[in-house]
Each structure stands twice: as structure tokens, then as C-alpha cells.
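Student: I've got the structure open and I'd like to go through the labels people put on it. Can you take me through the reasoning behind each one?

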Amino acid sequence: MDNVYSGYFSLTTEMSRRDNYAQEIVNQGFPILAMTYCDGTVLVTKSTSIIEKISPITSGIAFAAVGNYHHIRKIRSYVKNLTKKIGIAKDNNRSVQSFLDGEESIIDFIGGTYETLWSMPFQVDTVLVESDTGQNNKFYRIDFRGWPSSRKNFIVCGGSENETSPEGKVYKKGIKFKIEEYIESRNPDFCSMSLDGAVKFSIDALGDVYGIRDGFLNDSEDEVLHVGILEGRRDLRRLNEDEMKRFYDYLKS
Amino acid sequence: MHRRIYGTELEYGMFSWELVPKHLTISDFMSKVGDIVNHAPALLNGGRLYKDAGDHPEYSTPECLTPLEVVLYEKAGERILEEIFKHGFDIDGVKGSAKLYRTAVDKKEHTHGYHENYLVDRKIPLEYLTSQMIPFLVTRVIYAGSGFVDKEFMLSGRAMHIYHESGPTTNVAGQRAIYNTRDEPHADTAKYRRLHLIVGDPNMSEYSTFLKIGATSLMLDLVDDGLVDLEIENPVETLHTLSRLYSVWPIKLKNGKTISAIDLQREYLSKAQKHFSSGCENDCQYLHGMNSDILKLWEKTLGALEKNPMILSDQLDWVIELKMLDAKMKQKNLSIEDPLVSMLDLKYHEIGEKSLFYMLQNKDFVRRLLSDVDIEKAMTTPPNTRAKGRSLIIKKMKERGKDLLTNHTMSHMWNSFPSVEWGKPLKTSAPTMIDPFETYEEEIEEYFRKLDLELGI
């Protein structure tokens, strides 16, 4: 019963409608910036919702996602279960690559939503960060279609894509591209950045793109700054209140 | 968790082939056979059956205590109508049979009402109640729609006949609203308000009706406790749009964000899950099991609607109908615009043996909540509410040779004694039945005992 389209159901229209919707949901979320610093990786974002946009998977690996709350929960729990299933939780040579190489990989899971005509894509932009030291950090992104990509040094999760004409010409830069452009134009030395420096740089990068560094946190909306840190192969930790205070002060400065 | 009275009113569409060549209209027909349905303003199960303003039969369920009882008494009413019309008719020599349809819209663009009634606390500010119920009512169409074909397949036929957010009208084209402001609680007006909803479709499937009434009742509990605060942009347009989509169902919130109707319903669901996880106390314990059933079904349904609505092709009306129509269209190589598909749509909503829905149900393609034995019993047995008292009055009157062919207005019948001509003025005064939760059995027995003494029966 999965191929119901007897004249009233245009497959192409329906699929593109769902894609556009998924993209719109991802665009609505505030992006997450993950980048290398001297001791590992740091992930920065802001959030108004109760959900942790950044969460640990296993030691040295963090999960971050922007989009539909229910879908984030579903994917995160899938990834955690997968960690136990394929044994990387206990394996010292664990790597995100084993998710991506495995038959039941997270890519299959996210992309697999298209298995039936009726199903919707996950409305989520996902990032898996694997921390080591300096050059060995790995950043993987899987978009809502299940398409994977990876970057060195930093990655942006969420935010709108470039809007392009059918010929491929960019006529409106997306938020994601603008953040990447900001970082690349400053060409920072990631491996020598301190934690403070990395978080402040992330705040600047995200705030600059929105043109609202002062409004990066909007008190009236009860927004909270989220910072997750992977120090080498350790578990993800979040900054405590005292540590966060200096970044809030920086935001107000 | 709040104790509540539920009830629905169902208008049935009618058609008869035999009347066409004689140039008789349904109005002529109903004026003749009106007496058939009007013969007993109240039924033994406490419900009521009457000829409505639009010259069609209308059935009201008795006052029910749970959503499942509503499903049961709706089906019982349908059986009663089936019994009445199964032997056909004879009007001035024109013999024939009538078909009855439980549909929101017939093929002549007439819309037939399906009115849900919920007893709610008058303390809830009306503005808050309206503003919070509207987003819920708009988005519940994704599981409560009964399916409709008009050159395209729509989840709900009724949705296209709704033009306002709130208003008092129930029967004027172009004036119907998502939230109907009619407020006749048929109970203590200082204490209760009647939530009268005309936006819903009459569902064929027991599951759809149960989920529709059940989820609405849990939503009312959340509103009652002030736990929700969500509003959407352009509710009427959104209702029309949602009714035309088969997946995703995007809606725009007042804060400018776009979310799916599934996610909005999930918000309500998760609030309800939290709210009702602690169970309940005192006089509403009988609802606890029912509420957890509704919550489970609600969660499962939303999950399936997101993953693949066709999973629900044995439960939800619009999905059952869509699957059936699709199979027929493929088999006969028809397009959705073909008049035959429109006829199949009507045939799905017919009541009786020839109904496509009941054919599917009898072949176990549709899951059920009720058994035929329960439904048969509910045709003559009232629920444990004021309906029980009403049923007792009917029995007592019949024992005394009185049929309730009186001229009292319909609304009087719900909370007061019917006026019956006994041949002389009576000193014994009839009890009033203002509390719908009470059965009034003792008072009624006492009244008839005194009446018998006075009349010397």
C-alpha cells in the first residue's frame, strides 16, 4: 500500500513539499557551531527550549542537532542504542566512522525515512563530533535527507542553506554559508586557541551573522547559552555557572 | 482530571430513488415519514430521535460519562434508525426504501451536522477556552476527518464549510464557525457551560470517534487547569489547508514559527501525559483506565501519521476510505474526478448492510472497539446518568398507556419532566432533573407512586 498515487497524489510535488518543510524547520532553529580548540572541541549554541541541543554519546563523541524536537530525541536515542549495539562504547578505538561504515548506520536511519511514499524526512540537521587532539578531531554532518559530509577544524549545524537558481547561481547566501565565510575569512589557528578564546570566537561568529551580538541572548525570550566541551577523549561536559558567567559578561560587553 | 458529560448529535443524510420519478423531494418524504422518527421524542436508551430543521432525521445520544460510551450510543442510534427504515416506506402509494448516510457533506453540497457536546466548568474564561480550543480543533482533523471526495480527496468534508473562528450559527451556509458559541448546558447554568462543537465530521470508524472525543476531552481538562497556551495564525485557512494534505500538515504559530500539526498535537499529548501520570482521585477514578487508553491510542496514531498514515488503514476513517478508493480506482482505472469515485465515497458513508464501510468492517478489514451485543444492549439500556431517569419515565408512561406524543419543545425533555395530559390538573409536582450526573430514579419512582395515588390507578 506504499505506492498510492492514483491521479490525486503527485509524488514529485509531495516529496519536494516535505523536503521544503523539513528545510524550513531546520532553518528555524539557531545553528550550532562546533570547532577545534587546543584541548579538544567546543560546541556553542543558544536555545530557548528545554531540549539539550548538544548531548554526549560516548566518551570523546558528542551529538548535536537542530530541528524538530521529537525527531532529535528519536535520532539521539537511535545513535545511543547503536553505540551499544556495535560495541564502540567499550572499544578504545571507537570512531564515528564506525557509525558511518556500519550497515545499520545513522545515515541509513535518517535517509531511510524515504522508505515509503508516505513517510516524512526527519526534520533535523545532525552533527557528530569526535574529539581527539588538535588535527585529529573529526566533524561529521548528516542533513535531513541523510546526506553525510565532513569538515576539518569546524562545522556548522542548522541554519539556512544558500538559495540558488536552477543554474546553480547563488542569489541569496544562507546563514550556514555566512558563518563558514566569517570563520574562513579570519583563518584562526584552531589548535592554539584557548577554551575562552574558542567560545568567544564562536559567539562572535554566530552573533555577527545575525548582526545582533548584543541580542545574541534575548532576555525576554528566556534564551540560554549552551556550551559543550570535549576535552580529548573525555566525556562531554558542560560549563558550570561560574564559568558561564564570564561568557555572559562578554556578551554584555 | 474532570468528571464530564458527553453527548453528540448526528444528522443523517437521506436519499430515495423511488421518490425521483414521482417528483417528490426529501422534504415531502420527511413530512410524511417524519412521524416515524418523531414517534418517541425520547428513546429507551435515554437518547432522542427527531426530524431536524433540515427535514432529515437527527439522533442525539443520551448523556454519557466516557468517550467510549459516546461511541457505543452513537452506534446504537444508528441501529435504531436502521431498524426504523429497513422495511421501507409507503407514501400515498409510492413504495420504496430510503438510504441513510452518515456523512458531513452529500453530493448536493448539503452539509449534515455532527455536533459534539461537552459539559465544561463555567469558571473557565470563555476567551481562554476559545483561543486554546481552536488550534486543537483545527489540527485534530488529521485523525478525526472522515474522508470526502469532491474532485480531490479531502480528510474532512465539513472543514470546507467552516468560515469563521467562532460564532453562534449552526445551520446557515457561510456562517459556521470552528468554535460554536451556543451555550445551553441543560444543567445548572451557574456551574456549567456547554461546549458545542460543529466543526467535526461524523466518523464511521469506532476508533476515530473514540480518539476524537477522547482527545478533545483530555484537551478540555488541560484548558480547565490552565496548562496550555498556544495559538495559531489564520485558523480557518489552516483548517482548509490541512484537510487537503495527506502528510506533514504544516501550520504557522502566532510567534511566527512553522510546525507540523502532528507536533502541535504532540505538545498537547505530552502535556496530557504529564498531567494524568499521577492518576486521579475521588469521583473520577472510573476515568483513569479510559484516559490511559486514549493517551496510548493518541500517541500511537500521531507516530503512525508521521511515519506512514497507511499503517492506520484499519482504524482511521480517512485512511480506511483512501485505501478502499485507491484500490477501486486502480482496479477500474478511474481518476479521482470520476463521478463513480464520488459515489463510492457516499457509499462508504452509508449506513446498513450495503455500506462499503460496514462491508469492510464485517470482513475484519477494520478494527473495532465494540461488540454487536453491546450495541444491541445500548439500544434500550441507558448510561448511568440522567438518561437513566429519562428512560425510566418512558417506561412508566408506557405502563400507564401514555405515549410521549406531546408538544413540549425538545430542550425541555433534557432536564425536565415531559408535560403529559392526564385528564385533570395534578397536585403532584414533577421533579426537575437539573443535574446530568444524577439518575433521579428514586425521585421518579416516588413521583409515579404519588401520581398513581392521586389518579387512583
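**Labels and the values behind them**

Tutor: Let's start with Asn137(A), which counts as buried at 5% relative accessibility. Keep in mind that this is a predicted model.

Student: Why is Asn137(A) called buried?

Tutor: Buried means under 20% relative accessible area. Asn137(A) has 5%, so the label fits. Asn137(A) sits in the loop between strand S5 (124-130) and strand S6 (138-142) of chain A.

Student: What makes the pair Asn137(A) and Thr36(A) a polar contact?

Tutor: The cut-off is 3.5 Å between N or O atoms. The side chains of Asn137(A) and Thr36(A) are joined at 3.2 Å, so the distance passes. The Asn137(A) side chain also reaches the backbone oxygen of Gly40(A), at 3.0 Å. Leaving out residues up to four places away in sequence, Asn137(A) touches Thr36(A), Gly40(A), Thr41(A), Glu130(A), Ser131(A) and Asp132(A).

Student: How do you know that Glu161(A) and Arg141(A) form a salt bridge?

Tutor: The rule asks for a side-chain nitrogen of Lys or Arg within 4 Å of a carboxyl oxygen of Asp or Glu. Here the closest N and O atoms are 2.9 Å apart, so the pair qualifies. The two residues come from distant parts of the chain: Glu161(A) is in the loop between strand S8 (154-157) and strand S9 (163-164), while Arg141(A) is in strand S6, 20 residues apart.

Student: Is Glu161(A) buried or exposed, and what about Arg141(A)?

Tutor: Glu161(A) has a relative accessible area of 32%, which falls between the 20% and 50% limits, so "partly exposed" is the right term. Arg141(A) is at 12%, under the 20% limit, so Arg141(A) is buried.

Student: What makes Arg234(A) exposed?

Tutor: Exposed means over 50%. Arg234(A) comes in at 56%, so exposed it is. The side chain of Arg234(A) also meets that of Glu231(A) in a salt bridge, 3.4 Å from N to O.

Student: And in chain B, why does the pair Glu116(B) and Arg140(B) count as a salt bridge?

Tutor: Their N to O distance is 2.7 Å and the limit is 4 Å, so the pair counts. Glu116(B) lies in strand S8 (residues 114-121) and Arg140(B) in the loop between helix H3 (126-139) and helix H4 (141-144) of chain B, so the bridge ties together parts that are 24 residues apart in sequence. Both Glu116(B) and Arg140(B) are buried.

Student: How many salt bridges are there over all chains, and how many between chain B and chain A?

Tutor: The whole structure has 38 over all chains, and the count between chain B and chain A is one.

Student: How do you know that Glu306(B) and Lys74(A) make a salt bridge?

Tutor: Their N to O distance is 3.8 Å, which is within 4 Å, so the pair meets the rule. Lys74(A) and Glu306(B) are also linked with Asp263(B) and Arg266(B) in a network of salt bridges.

Student: What makes up the rest of the interface?

Tutor: 23 residues of chain B are in contact with 24 residues of chain A. Tyr246(B), Val248(B) and Glu306(B) supply 24% of the area that chain B buries against chain A, more than any other three residues. The area buried between the two chains is about 2,300 Å², and carbon and sulfur atoms give 57% of that. Nine residue pairs are in polar contact across the interface. The chain B side divides into 11 nonpolar, four polar and eight charged residues.

Student: What makes Asn187(A) and Asn234(B) stand out?

Tutor: Most residues other than glycine have a negative phi. Asn187(A) has a positive phi of about 40 degrees although it is not a glycine, and Asn234(B) also has a positive phi of about 40 degrees. Asn187(A) is in the loop between helix H5 (175-186) and helix H6 (195-210) of chain A. Asn234(B) is in the loop between helix H5 (206-224) and helix H6 (235-243) of chain B.

Student: Why is Asn187(A) called exposed but Asn234(B) partly exposed?

Tutor: Asn187(A) has 63%, over the 50% limit, so Asn187(A) is exposed. Asn234(B) has 43%, between 20% and 50%, so Asn234(B) is partly exposed.

Terms used. Residues numbered from 1 in each chain as written. Chains lettered and ligands numbered in written order. Predicted model: local features only at pLDDT ≥ 70, side-chain atom pairs only at ≥ 80, totals over all residues. Heavy atoms only, no water. Contact = heavy atoms within 4.5 Å. Buried area = accessible area lost by both parts, 1.4 Å probe. Polar contact = N/O pair within 3.5 Å; in protein donor to acceptor, adjacent residues only side chain to side chain. Nonpolar A, V, L, I, M, F, W, Y, C, P; charged D, E, K, R; others polar. Helix = DSSP H or I, 4+ residues; strand = E, 2+ residues; numbered from the N terminus. Buried < 20%, exposed > 50% of the residue type's maximum accessible area, 1.4 Å probe, protein only.
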